Amino acid sequence: MATDYSKNAEEQPEPCQAEVKGSIPSWLQGTLLRNGPGIFSVGDTSYDHWFDGMAIMHSFTFKHGEVTYRSRFLRGDTYKANMAANRIVVSEMGTMAYPDPSKNFIVKAITFLNHTVPDFTDNGASNFIKYGNDYYATSETNYIRKIDPVTLETQDKVDYMKYLPVNLASSHPHYDKEGNAYNMGTSIAEKGKTKYMLFKVPAASEKDKGKDVPALKNVEVICTVPCRSLLTPSYFHSFGMTDNYFIFIEQPFKLDILKMATAYMRGVNWASCLKFCPEENTLIHLIDRKTGKEVETKYYTGALVVYHHVNAFEDDGHVVFDVIAYNDNSLYDMFYLSKLKNNPGFHDNSYSKPSYRRFALPVQSNKGTAVGDDLVKLKYTTASALKEKEGKLMCQAEVLCEGIELPRMNYDINGKRHRFVYGNIVEESALSSQIGKFDTETKRMVYWNEDNCCPSEPVFVPRPNGESEDDGVVLTSVINSNPGQSGFILLLDGKTFKEVARAYVNTSLHKDMHGFFIPQGD
(Lines give C-alpha, C1' and ligand atoms only; values in the text may rest on other atoms or scores of the structure.)
Protein backbone atom coordinates (compact mmCIF):
# COMPACT_ATOMS: atom_id res chain seq x y z
CA MET A 1 0.00 0.00 0.00
CA ALA A 2 1.36 3.42 -1.00
CA THR A 3 1.97 5.98 1.75
CA ASP A 4 0.60 9.50 1.29
CA TYR A 5 3.58 11.61 2.35
CA SER A 6 1.64 14.88 2.05
CA LYS A 7 -1.06 13.89 4.55
CA ASN A 8 -1.13 15.99 7.70
CA ALA A 9 -0.30 14.12 10.88
CA GLU A 10 -2.48 14.20 13.98
CA GLU A 11 -0.81 14.79 17.32
CA GLN A 12 -1.44 12.72 20.42
CA PRO A 13 -0.24 14.87 23.34
CA GLU A 14 -1.65 12.70 26.11
CA PRO A 15 0.53 9.67 26.97
CA CYS A 16 -0.94 6.36 25.86
CA GLN A 17 0.09 2.84 26.76
CA ALA A 18 1.38 0.82 23.81
CA GLU A 19 0.51 -2.86 23.37
CA VAL A 20 3.70 -4.85 23.84
CA LYS A 21 4.29 -8.13 21.98
CA GLY A 22 7.39 -9.98 23.14
CA SER A 23 9.52 -9.03 26.12
CA ILE A 24 11.26 -5.66 26.50
CA PRO A 25 14.62 -6.05 28.32
CA SER A 26 14.40 -4.79 31.91
CA TRP A 27 17.59 -2.74 31.46
CA LEU A 28 16.00 -0.60 28.70
CA GLN A 29 14.85 2.47 30.65
CA GLY A 30 14.55 5.83 28.93
CA THR A 31 12.90 7.76 26.12
CA LEU A 32 13.40 7.70 22.36
CA LEU A 33 12.58 11.08 20.83
CA ARG A 34 11.94 11.23 17.09
CA ASN A 35 11.42 14.29 14.93
CA GLY A 36 10.25 15.00 11.39
CA PRO A 37 7.83 16.95 9.20
CA GLY A 38 4.14 16.47 10.05
CA ILE A 39 1.97 19.28 8.60
CA PHE A 40 2.14 19.77 4.84
CA SER A 41 -0.88 21.98 4.11
CA VAL A 42 -2.43 24.94 5.91
CA GLY A 43 -5.72 26.34 4.60
CA ASP A 44 -5.46 26.43 0.81
CA THR A 45 -1.64 26.43 0.76
CA SER A 46 0.75 23.47 0.69
CA TYR A 47 4.46 22.91 1.04
CA ASP A 48 6.30 21.81 -2.10
CA HIS A 49 8.96 19.74 -0.35
CA TRP A 50 8.65 17.01 2.28
CA PHE A 51 11.55 18.45 4.38
CA ASP A 52 9.58 21.72 4.73
CA GLY A 53 6.60 20.29 6.63
CA MET A 54 6.01 21.66 10.12
CA ALA A 55 7.59 19.47 12.79
CA ILE A 56 5.88 16.77 14.79
CA MET A 57 7.79 15.24 17.70
CA HIS A 58 7.27 11.68 18.94
CA SER A 59 8.35 10.07 22.21
CA PHE A 60 8.50 6.41 23.15
CA THR A 61 9.20 5.94 26.86
CA PHE A 62 10.46 2.54 28.07
CA LYS A 63 9.93 1.73 31.75
CA HIS A 64 9.68 -1.63 33.52
CA GLY A 65 8.95 -3.51 30.30
CA GLU A 66 6.18 -1.14 29.20
CA VAL A 67 6.06 1.55 26.49
CA THR A 68 4.26 4.90 26.59
CA TYR A 69 3.79 6.95 23.41
CA ARG A 70 2.90 10.57 22.77
CA SER A 71 3.34 13.15 20.00
CA ARG A 72 3.08 16.91 19.67
CA PHE A 73 3.54 19.53 16.99
CA LEU A 74 6.45 21.91 17.55
CA ARG A 75 4.61 25.15 18.36
CA GLY A 76 7.27 27.65 17.35
CA ASP A 77 6.87 31.05 15.71
CA THR A 78 6.57 29.41 12.29
CA TYR A 79 3.71 27.17 13.43
CA LYS A 80 1.92 30.05 15.18
CA ALA A 81 2.24 32.45 12.23
CA ASN A 82 1.02 29.89 9.70
CA MET A 83 -1.89 28.77 11.87
CA ALA A 84 -2.95 32.34 12.69
CA ALA A 85 -3.00 33.26 8.99
CA ASN A 86 -4.52 29.89 8.00
CA ARG A 87 -1.96 29.76 5.19
CA ILE A 88 1.79 29.17 4.87
CA VAL A 89 3.39 32.58 5.49
CA VAL A 90 6.90 31.51 6.58
CA SER A 91 9.22 30.34 3.81
CA GLU A 92 11.16 27.09 4.08
CA MET A 93 14.12 25.84 2.02
CA GLY A 94 11.98 24.21 -0.67
CA THR A 95 8.84 26.38 -0.45
CA MET A 96 8.72 30.14 -0.87
CA ALA A 97 5.74 31.67 0.94
CA TYR A 98 4.03 34.66 -0.65
CA PRO A 99 1.56 36.99 1.09
CA ASP A 100 -2.15 36.67 0.50
CA PRO A 101 -2.82 38.40 -2.87
CA SER A 102 -5.41 40.60 -1.14
CA LYS A 103 -2.81 42.08 1.25
CA ASN A 104 -1.72 45.69 0.74
CA PHE A 105 1.56 46.99 -0.67
CA ILE A 106 3.14 47.62 2.77
CA VAL A 107 2.73 43.96 3.78
CA LYS A 108 4.19 42.83 0.45
CA ALA A 109 7.15 45.22 0.79
CA ILE A 110 7.93 44.00 4.33
CA THR A 111 7.71 40.39 3.15
CA PHE A 112 10.12 41.20 0.32
CA LEU A 113 12.65 42.80 2.68
CA ASN A 114 12.43 39.83 5.06
CA HIS A 115 13.45 37.55 2.19
CA THR A 116 16.32 39.72 0.90
CA VAL A 117 18.16 39.22 4.18
CA PRO A 118 16.31 36.07 5.18
CA ASP A 119 15.04 35.69 8.71
CA PHE A 120 14.90 31.93 8.77
CA THR A 121 12.29 29.56 10.14
CA ASP A 122 12.33 28.05 13.64
CA ASN A 123 10.65 24.90 12.31
CA GLY A 124 13.12 22.42 13.84
CA ALA A 125 12.00 19.24 12.09
CA SER A 126 15.34 17.51 11.57
CA ASN A 127 16.75 16.31 14.89
CA PHE A 128 17.19 16.93 18.62
CA ILE A 129 20.29 18.44 20.22
CA LYS A 130 21.35 18.35 23.87
CA TYR A 131 23.17 21.45 25.11
CA GLY A 132 23.90 21.39 28.83
CA ASN A 133 20.83 19.85 30.47
CA ASP A 134 18.46 21.17 27.80
CA TYR A 135 17.00 19.53 24.70
CA TYR A 136 16.28 21.41 21.49
CA ALA A 137 14.40 20.66 18.28
CA THR A 138 16.61 21.76 15.41
CA SER A 139 16.79 22.13 11.66
CA GLU A 140 19.85 23.89 10.22
CA THR A 141 18.96 27.57 10.66
CA ASN A 142 20.20 29.89 13.41
CA TYR A 143 17.06 29.15 15.46
CA ILE A 144 16.58 26.16 17.75
CA ARG A 145 13.58 25.51 19.99
CA LYS A 146 13.91 24.25 23.55
CA ILE A 147 11.46 21.45 24.32
CA ASP A 148 10.34 19.52 27.38
CA PRO A 149 11.61 15.98 26.66
CA VAL A 150 8.82 14.47 28.82
CA THR A 151 5.69 16.36 27.70
CA LEU A 152 7.11 17.48 24.30
CA GLU A 153 5.86 21.00 25.01
CA THR A 154 7.58 23.80 23.06
CA GLN A 155 9.58 26.22 25.19
CA ASP A 156 12.10 29.03 24.50
CA LYS A 157 13.28 30.07 21.08
CA VAL A 158 17.08 30.34 21.05
CA ASP A 159 19.01 32.25 18.40
CA TYR A 160 22.61 31.07 17.85
CA MET A 161 23.42 34.59 16.57
CA LYS A 162 23.08 35.97 20.11
CA TYR A 163 26.02 33.83 21.19
CA LEU A 164 28.19 33.43 18.08
CA PRO A 165 27.92 34.68 14.48
CA VAL A 166 26.54 31.61 12.67
CA ASN A 167 23.69 31.92 10.16
CA LEU A 168 23.42 28.15 9.72
CA ALA A 169 24.30 25.30 12.09
CA SER A 170 24.48 21.52 11.76
CA SER A 171 21.79 19.36 13.35
CA HIS A 172 24.35 16.59 14.03
CA PRO A 173 26.62 17.67 16.92
CA HIS A 174 29.05 15.36 18.68
CA TYR A 175 29.24 14.70 22.42
CA ASP A 176 32.11 13.62 24.61
CA LYS A 177 32.00 11.51 27.78
CA GLU A 178 31.88 14.64 29.98
CA GLY A 179 28.70 15.88 28.29
CA ASN A 180 30.30 18.65 26.24
CA ALA A 181 28.69 19.18 22.83
CA TYR A 182 30.63 20.10 19.67
CA ASN A 183 29.00 21.58 16.60
CA MET A 184 29.68 23.49 13.39
CA GLY A 185 28.07 26.49 11.77
CA THR A 186 28.54 28.78 8.79
CA SER A 187 29.19 32.47 9.32
CA ILE A 188 28.22 34.34 6.15
CA ALA A 189 29.99 37.59 5.16
CA GLU A 190 30.65 38.52 8.79
CA LYS A 191 33.16 41.41 8.81
CA GLY A 192 33.67 40.76 5.11
CA LYS A 193 34.56 37.08 5.58
CA THR A 194 32.62 33.84 5.17
CA LYS A 195 33.89 31.06 7.38
CA TYR A 196 32.99 27.76 9.02
CA MET A 197 33.00 27.80 12.80
CA LEU A 198 33.61 24.84 15.09
CA PHE A 199 32.31 25.46 18.59
CA LYS A 200 31.97 23.74 21.94
CA VAL A 201 28.98 24.03 24.26
CA PRO A 202 30.28 22.96 27.68
CA ALA A 203 28.37 20.48 29.84
CA ALA A 204 26.08 22.03 32.46
CA SER A 205 28.22 23.55 35.21
CA GLU A 206 27.52 23.55 38.92
CA LYS A 207 27.28 27.36 38.98
CA ASP A 208 24.43 27.29 36.42
CA LYS A 209 22.50 24.57 38.28
CA GLY A 210 18.91 25.63 38.85
CA LYS A 211 19.34 28.77 36.73
CA ASP A 212 17.26 29.19 33.60
CA VAL A 213 20.10 30.16 31.27
CA PRO A 214 20.85 28.56 27.88
CA ALA A 215 24.00 26.45 27.83
CA LEU A 216 24.97 28.40 24.68
CA LYS A 217 25.80 31.32 27.00
CA ASN A 218 29.09 29.49 27.74
CA VAL A 219 29.88 28.62 24.10
CA GLU A 220 33.55 28.51 23.09
CA VAL A 221 34.76 28.87 19.49
CA ILE A 222 37.38 26.16 18.89
CA CYS A 223 38.41 27.14 15.41
CA THR A 224 37.35 28.93 12.24
CA VAL A 225 38.03 27.64 8.74
CA PRO A 226 37.97 30.23 5.94
CA CYS A 227 35.54 29.43 3.15
CA ARG A 228 37.04 28.85 -0.31
CA SER A 229 34.77 31.57 -1.71
CA LEU A 230 33.12 34.50 0.06
CA LEU A 231 29.62 34.17 -1.38
CA THR A 232 29.33 30.43 -2.04
CA PRO A 233 29.94 28.50 1.20
CA SER A 234 29.81 24.72 1.07
CA TYR A 235 26.66 23.05 2.39
CA PHE A 236 27.30 20.49 5.14
CA HIS A 237 24.99 18.40 7.31
CA SER A 238 27.47 16.72 9.68
CA PHE A 239 31.17 16.36 10.48
CA GLY A 240 33.54 13.84 12.08
CA MET A 241 35.33 13.76 15.43
CA THR A 242 38.05 11.59 16.97
CA ASP A 243 39.91 11.95 20.28
CA ASN A 244 42.33 14.44 18.73
CA TYR A 245 40.81 15.70 15.48
CA PHE A 246 37.74 17.13 13.75
CA ILE A 247 37.06 16.20 10.12
CA PHE A 248 35.19 18.71 7.97
CA ILE A 249 34.37 18.05 4.31
CA GLU A 250 34.20 21.23 2.23
CA GLN A 251 32.34 19.78 -0.74
CA PRO A 252 31.54 21.42 -4.08
CA PHE A 253 27.85 21.53 -3.12
CA LYS A 254 27.36 25.22 -2.41
CA LEU A 255 24.89 27.85 -1.28
CA ASP A 256 24.88 30.85 -3.62
CA ILE A 257 24.26 33.73 -1.21
CA LEU A 258 23.52 36.36 -3.89
CA LYS A 259 20.98 34.07 -5.52
CA MET A 260 19.39 33.41 -2.11
CA ALA A 261 19.01 37.17 -1.57
CA THR A 262 17.11 37.55 -4.87
CA ALA A 263 15.20 34.23 -4.82
CA TYR A 264 11.93 35.70 -3.52
CA MET A 265 11.94 38.43 -6.17
CA ARG A 266 12.69 35.86 -8.86
CA GLY A 267 9.87 33.56 -7.71
CA VAL A 268 12.11 30.59 -6.89
CA ASN A 269 12.83 28.74 -3.65
CA TRP A 270 16.05 28.90 -1.66
CA ALA A 271 16.88 25.27 -2.48
CA SER A 272 17.32 26.29 -6.14
CA CYS A 273 20.28 28.40 -4.93
CA LEU A 274 22.20 25.25 -3.99
CA LYS A 275 24.56 24.26 -6.77
CA PHE A 276 26.72 21.21 -7.29
CA CYS A 277 30.02 21.76 -9.14
CA PRO A 278 31.16 18.29 -10.29
CA GLU A 279 34.29 19.70 -11.94
CA GLU A 280 35.67 20.86 -8.57
CA ASN A 281 37.53 18.82 -5.98
CA THR A 282 36.37 18.26 -2.41
CA LEU A 283 38.64 19.68 0.29
CA ILE A 284 38.98 17.63 3.50
CA HIS A 285 39.93 19.70 6.53
CA LEU A 286 41.67 17.92 9.40
CA ILE A 287 41.66 20.11 12.51
CA ASP A 288 43.68 19.46 15.66
CA ARG A 289 41.25 19.59 18.63
CA LYS A 290 43.92 20.76 21.08
CA THR A 291 45.38 23.63 19.04
CA GLY A 292 42.26 24.51 17.02
CA LYS A 293 44.48 24.67 13.92
CA GLU A 294 44.35 22.70 10.66
CA VAL A 295 47.15 20.22 10.07
CA GLU A 296 49.63 21.38 7.45
CA THR A 297 48.84 18.68 4.88
CA LYS A 298 46.04 19.51 2.43
CA TYR A 299 43.75 16.58 1.65
CA TYR A 300 41.57 16.44 -1.48
CA THR A 301 39.22 14.00 -3.14
CA GLY A 302 36.90 14.10 -6.15
CA ALA A 303 33.51 15.83 -6.20
CA LEU A 304 30.93 14.20 -3.92
CA VAL A 305 27.96 15.06 -1.73
CA VAL A 306 27.93 13.88 1.89
CA TYR A 307 25.08 14.36 4.35
CA HIS A 308 25.99 11.86 7.03
CA HIS A 309 29.31 10.95 8.62
CA VAL A 310 29.32 7.46 10.14
CA ASN A 311 32.34 7.61 12.44
CA ALA A 312 36.03 8.50 12.52
CA PHE A 313 38.98 7.04 14.42
CA GLU A 314 42.76 7.19 14.66
CA ASP A 315 45.04 4.30 13.83
CA ASP A 316 48.83 4.12 13.47
CA GLY A 317 49.42 7.67 12.25
CA HIS A 318 46.20 7.88 10.22
CA VAL A 319 42.77 9.39 10.72
CA VAL A 320 40.19 7.05 9.19
CA PHE A 321 36.69 8.37 8.58
CA ASP A 322 33.57 6.77 7.12
CA VAL A 323 30.80 8.66 5.30
CA ILE A 324 27.70 7.99 3.22
CA ALA A 325 28.45 9.71 -0.09
CA TYR A 326 26.61 10.48 -3.32
CA ASN A 327 28.02 11.25 -6.75
CA ASP A 328 25.59 14.14 -7.29
CA ASN A 329 23.04 16.31 -5.51
CA SER A 330 19.87 14.63 -6.81
CA LEU A 331 18.76 13.32 -3.39
CA TYR A 332 17.04 16.56 -2.36
CA ASP A 333 14.87 16.53 -5.49
CA MET A 334 13.60 13.03 -4.63
CA PHE A 335 11.64 14.52 -1.73
CA TYR A 336 9.55 17.09 -3.59
CA LEU A 337 6.00 16.07 -2.69
CA SER A 338 4.95 16.03 -6.36
CA LYS A 339 7.73 13.50 -6.99
CA LEU A 340 6.73 11.36 -3.98
CA LYS A 341 3.12 11.45 -5.18
CA ASN A 342 4.00 10.39 -8.73
CA ASN A 343 6.47 7.74 -7.61
CA PRO A 344 5.34 6.44 -4.21
CA GLY A 345 7.07 3.07 -4.54
CA PHE A 346 10.51 1.85 -3.61
CA HIS A 347 12.03 1.92 -7.08
CA ASP A 348 13.10 5.11 -8.85
CA ASN A 349 14.94 5.12 -12.18
CA SER A 350 16.38 8.61 -11.65
CA TYR A 351 17.78 7.66 -8.25
CA SER A 352 21.51 7.93 -7.59
CA LYS A 353 22.21 5.58 -4.71
CA PRO A 354 24.77 6.38 -2.04
CA SER A 355 27.80 4.35 -1.07
CA TYR A 356 29.46 3.78 2.29
CA ARG A 357 33.00 5.11 1.78
CA ARG A 358 36.08 4.90 3.98
CA PHE A 359 38.83 7.50 3.71
CA ALA A 360 42.27 7.29 5.35
CA LEU A 361 44.30 10.44 5.98
CA PRO A 362 48.00 9.96 6.80
CA VAL A 363 48.80 12.54 9.49
CA GLN A 364 52.59 12.24 9.60
CA SER A 365 54.73 14.58 7.49
CA ASN A 366 55.09 13.45 3.87
CA LYS A 367 58.54 15.00 3.41
CA GLY A 368 61.01 12.52 1.97
CA THR A 369 58.32 10.63 0.02
CA ALA A 370 58.06 10.72 -3.76
CA VAL A 371 55.25 12.26 -5.80
CA GLY A 372 52.81 9.46 -6.68
CA ASP A 373 53.51 7.48 -3.50
CA ASP A 374 50.50 6.09 -1.63
CA LEU A 375 51.06 7.14 1.97
CA VAL A 376 48.31 4.97 3.50
CA LYS A 377 49.98 2.11 5.35
CA LEU A 378 46.93 0.39 6.89
CA LYS A 379 46.48 -3.23 5.86
CA TYR A 380 42.68 -3.47 6.32
CA THR A 381 41.63 -0.80 3.83
CA THR A 382 42.22 -0.12 0.14
CA ALA A 383 41.69 3.63 0.72
CA SER A 384 44.65 5.56 -0.68
CA ALA A 385 46.29 8.99 -0.35
CA LEU A 386 48.60 9.76 -3.27
CA LYS A 387 51.18 12.50 -2.89
CA GLU A 388 50.64 15.13 -5.59
CA LYS A 389 53.24 17.62 -4.36
CA GLU A 390 54.73 18.68 -1.04
CA GLY A 391 51.95 18.91 1.51
CA LYS A 392 49.12 17.89 -0.85
CA LEU A 393 47.49 14.45 -0.95
CA MET A 394 44.77 13.20 -3.30
CA CYS A 395 42.61 10.73 -1.38
CA GLN A 396 40.63 7.84 -2.84
CA ALA A 397 38.02 6.08 -0.70
CA GLU A 398 37.36 2.39 -0.29
CA VAL A 399 33.69 1.59 -0.97
CA LEU A 400 32.59 -0.76 1.81
CA CYS A 401 29.00 -1.21 0.58
CA GLU A 402 26.24 0.55 -1.33
CA GLY A 403 22.65 1.60 -0.72
CA ILE A 404 22.67 2.46 2.99
CA GLU A 405 21.70 5.78 4.64
CA LEU A 406 20.88 7.30 8.04
CA PRO A 407 23.82 5.43 9.62
CA ARG A 408 23.89 4.83 13.39
CA MET A 409 26.30 2.93 15.60
CA ASN A 410 27.08 2.36 19.26
CA TYR A 411 27.85 5.98 20.14
CA ASP A 412 29.81 4.86 23.20
CA ILE A 413 32.66 4.12 20.78
CA ASN A 414 32.28 7.27 18.71
CA GLY A 415 35.78 8.41 17.71
CA LYS A 416 37.16 4.87 18.17
CA ARG A 417 37.42 2.07 15.63
CA HIS A 418 33.98 0.54 15.16
CA ARG A 419 32.84 -2.63 13.45
CA PHE A 420 29.03 -2.46 13.13
CA VAL A 421 26.75 0.11 11.52
CA TYR A 422 22.94 0.15 11.43
CA GLY A 423 21.03 2.03 8.75
CA ASN A 424 18.18 2.25 6.27
CA ILE A 425 18.53 0.25 3.07
CA VAL A 426 18.09 2.60 0.11
CA GLU A 427 19.17 0.37 -2.78
CA GLU A 428 16.53 1.42 -5.32
CA SER A 429 14.97 4.58 -3.94
CA ALA A 430 15.48 7.24 -1.28
CA LEU A 431 12.46 5.67 0.46
CA SER A 432 13.36 2.72 2.64
CA SER A 433 11.32 -0.41 3.33
CA GLN A 434 14.02 -2.21 5.32
CA ILE A 435 16.88 -1.63 7.73
CA GLY A 436 20.20 -3.42 7.94
CA LYS A 437 23.16 -4.18 10.17
CA PHE A 438 26.46 -3.90 8.32
CA ASP A 439 29.69 -5.57 9.44
CA THR A 440 32.60 -3.42 8.23
CA GLU A 441 35.06 -6.32 8.64
CA THR A 442 33.24 -9.16 6.87
CA LYS A 443 31.29 -6.72 4.59
CA ARG A 444 28.14 -8.71 5.32
CA MET A 445 24.70 -7.15 5.80
CA VAL A 446 21.75 -8.66 7.67
CA TYR A 447 18.28 -7.22 7.17
CA TRP A 448 14.93 -6.67 8.84
CA ASN A 449 11.79 -6.07 6.80
CA GLU A 450 8.09 -6.87 6.89
CA ASP A 451 5.36 -6.57 4.25
CA ASN A 452 3.76 -3.11 3.98
CA CYS A 453 6.05 -1.71 6.69
CA CYS A 454 8.48 1.22 6.50
CA PRO A 455 11.03 1.43 9.34
CA SER A 456 12.63 4.71 10.44
CA GLU A 457 16.32 5.37 11.01
CA PRO A 458 17.49 2.66 13.47
CA VAL A 459 18.87 3.90 16.80
CA PHE A 460 21.25 1.62 18.72
CA VAL A 461 20.98 1.65 22.53
CA PRO A 462 23.87 -0.15 24.29
CA ARG A 463 23.17 -2.47 27.22
CA PRO A 464 24.75 -1.05 30.39
CA ASN A 465 28.13 -2.75 30.91
CA GLY A 466 27.62 -4.63 27.63
CA GLU A 467 30.16 -7.27 26.65
CA SER A 468 30.59 -6.27 22.99
CA GLU A 469 30.08 -3.35 20.61
CA ASP A 470 26.73 -4.73 19.39
CA ASP A 471 25.42 -5.79 22.82
CA GLY A 472 22.20 -3.80 23.03
CA VAL A 473 18.98 -3.18 21.13
CA VAL A 474 18.10 -1.35 17.94
CA LEU A 475 14.98 0.84 18.07
CA THR A 476 13.03 1.79 14.95
CA SER A 477 9.55 3.28 14.62
CA VAL A 478 7.58 1.52 11.88
CA ILE A 479 4.89 2.92 9.60
CA ASN A 480 2.46 0.03 9.20
CA SER A 481 0.22 0.04 6.10
CA ASN A 482 -1.38 -3.34 6.79
CA PRO A 483 -5.18 -2.93 7.08
CA GLY A 484 -6.45 -2.69 10.65
CA GLN A 485 -2.97 -2.48 12.17
CA SER A 486 -1.33 0.49 13.90
CA GLY A 487 2.23 1.75 13.77
CA PHE A 488 4.72 0.23 16.21
CA ILE A 489 8.10 0.68 17.80
CA LEU A 490 10.31 -2.31 17.04
CA LEU A 491 13.17 -3.65 19.17
CA LEU A 492 15.80 -5.78 17.47
CA ASP A 493 18.67 -7.59 19.17
CA GLY A 494 21.82 -5.61 18.34
CA LYS A 495 23.82 -8.82 17.80
CA THR A 496 21.46 -11.13 15.91
CA PHE A 497 19.23 -8.40 14.39
CA LYS A 498 16.24 -10.58 15.27
CA GLU A 499 13.06 -9.18 16.79
CA VAL A 500 13.00 -8.93 20.60
CA ALA A 501 9.68 -7.11 20.97
CA ARG A 502 7.36 -4.59 19.39
CA ALA A 503 4.86 -2.17 20.88
CA TYR A 504 1.78 -1.09 18.89
CA VAL A 505 0.94 2.57 19.58
CA ASN A 506 -2.71 2.45 18.44
CA THR A 507 -2.24 5.32 15.98
CA SER A 508 -0.57 6.02 12.65
CA LEU A 509 3.12 6.85 12.67
CA HIS A 510 4.76 9.05 10.04
CA LYS A 511 7.96 9.14 8.10
CA ASP A 512 10.45 11.11 10.15
CA MET A 513 14.09 12.19 10.11
CA HIS A 514 16.24 11.49 13.17
CA GLY A 515 15.98 10.13 16.71
CA PHE A 516 17.68 10.75 20.04
CA PHE A 517 17.64 8.30 22.98
CA ILE A 518 17.67 9.77 26.50
CA PRO A 519 18.61 7.15 29.14
CA GLN A 520 16.56 7.37 32.32
CA GLY A 521 18.28 9.67 34.79
CA ASP A 522 19.78 11.99 32.14
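In which loop does Asn-123 lie? In this predicted model, Asn-123 is found in the loop between H2 and S8. Asn-123 is buried, because its relative accessible area is 6% and the cut-off for a buried residue is under 20%. The side chain of Asn-123 has two backbone partners in an earlier part of the chain: the backbone oxygen of Asp-52, at 3.3 Å, and the backbone nitrogen of Ala-55, which lies 2.8 Å from a polar atom of that side chain.

Strand S8, at residues 127-131, is mostly covered, with 5 of its 5 residues buried. In a regular strand the side chains alternate between the two faces of the sheet. On one side of S8 are Asn-127, Ile-129 and Tyr-131, on the other Phe-128 and Lys-130, and all of these are buried, which leaves both faces covered. S8 runs antiparallel to strand S9 (residues 134-138), and 5 bridges join the two strands. One of the residues with a bridge partner in S9 is Asn-127, which is matched with Thr-138. The hairpin of S8 and S9 has 2 residues between the strands, and Gly-132 in this hairpin takes a positive phi near 65°.

A positive phi is also found in residues other than glycine. His-64, in the loop between strand S6 (54-63) and strand S7 (66-73), has a positive phi of about 50° although it is not a glycine. His-64 counts as exposed because its relative accessibility is 63%, and the cut-off for an exposed residue is over 50%. Asn-86 lies in the loop between helix H1 (77-85) and helix H2 (105-116), and its phi is near 55°, again a positive value in a residue other than glycine.

Helix H3 spans residues 257-266, and its buried residues are Ile-257, Met-260, Ala-263 and Tyr-264. These residues are on the same side of H3 because they cover an arc of only 85° around the axis. Leu-258 and Met-265 are exposed on the other side of H3. The relative accessible area of Leu-258 is 53%, and together with Leu-230 and Leu-231 this residue makes a nonpolar surface patch of about 250 Å². The N-terminal end of H3 is capped by Asp-256, with a side-chain oxygen 3.3 Å from the backbone nitrogen of Leu-258. After H3 comes Gly-267, whose phi is positive, near 75°.

An open sheet with mixed pairing is formed by 6 strands in the order S17-S18-S21-S22-S27-S26. Strand S17 (240-241) and strand S26 (384-389) stand at the edges of this sheet; each has a single partner strand, so one side of each is left without a neighbour in the sheet. Within the sheet, strand S18 (residues 245-250) and strand S21 (residues 282-288) run antiparallel and are joined by 6 bridges. Glu-250 stands opposite Leu-283 in S21.

Tyr-356 lies in strand S25, at residues 355-362, and is buried, with a relative accessible area of 0%. The side chain of Tyr-356 makes a polar contact of 3.1 Å with the side chain of His-418. The C-alpha atoms of Tyr-356 and Lys-387, which are 31 residues apart along the chain, are separated by 24 Å.

The structure holds 24 salt bridges. One of them is formed by the side chains of Asp-134 and Lys-146, at 3.7 Å from N to O. This pair links distant parts of the chain, with Asp-134 in strand S9 and Lys-146 in strand S10 (residues 143-147), 12 residues apart. Asp-134 and Lys-146 are buried. Another salt bridge joins Asp-243 and Lys-416, where the closest N and O atoms are 3.1 Å apart. Asp-243 is in the loop between S17 and S18, and Lys-416 is in the loop between strand S29 (404-408) and strand S30 (420-425), 173 residues apart. Asp-243 is partly exposed at 43% relative accessibility, and Lys-416 is partly exposed at 39%.

The side chains of Arg-502 and Glu-450 also meet in a salt bridge, at 2.6 Å from N to O. Arg-502 lies in strand S37 (residues 499-504) and Glu-450 in the loop between strand S32 (445-449) and strand S33 (453-455), so this pair ties together parts that are 52 residues apart in sequence. Arg-502 counts as buried at 7% relative accessibility, whereas Glu-450 counts as partly exposed at 28%. Arg-34, Arg-408, Glu-457 and Asp-512 are joined into one network by salt bridges that share partners.

Key. Residues numbered from 1 in each chain as written. Predicted model: local features only at pLDDT ≥ 70, side-chain atom pairs only at ≥ 80, totals over all residues. Heavy atoms only, no water. Helix = DSSP H or I, 4+ residues; strand = E, 2+ residues; numbered from the N terminus. Buried < 20%, exposed > 50% of the residue type's maximum accessible area, 1.4 Å probe, protein only. Polar contact = N/O pair within 3.5 Å; in protein donor to acceptor, adjacent residues only side chain to side chain. Arc of directions from axis to C-beta. Pairing = 2+ DSSP bridges. Patch = residues over 30% accessible without salt bridge, like charges linked within 9 Å, V, L, I, M, F, W, Y side chains within 5 Å. Areas by Shrake-Rupley, 256 points an atom, 1.4 Å probe, with all protein chains shown as cover. Salt bridge = Lys/Arg side-chain N within 4 Å of Asp/Glu carboxyl O.
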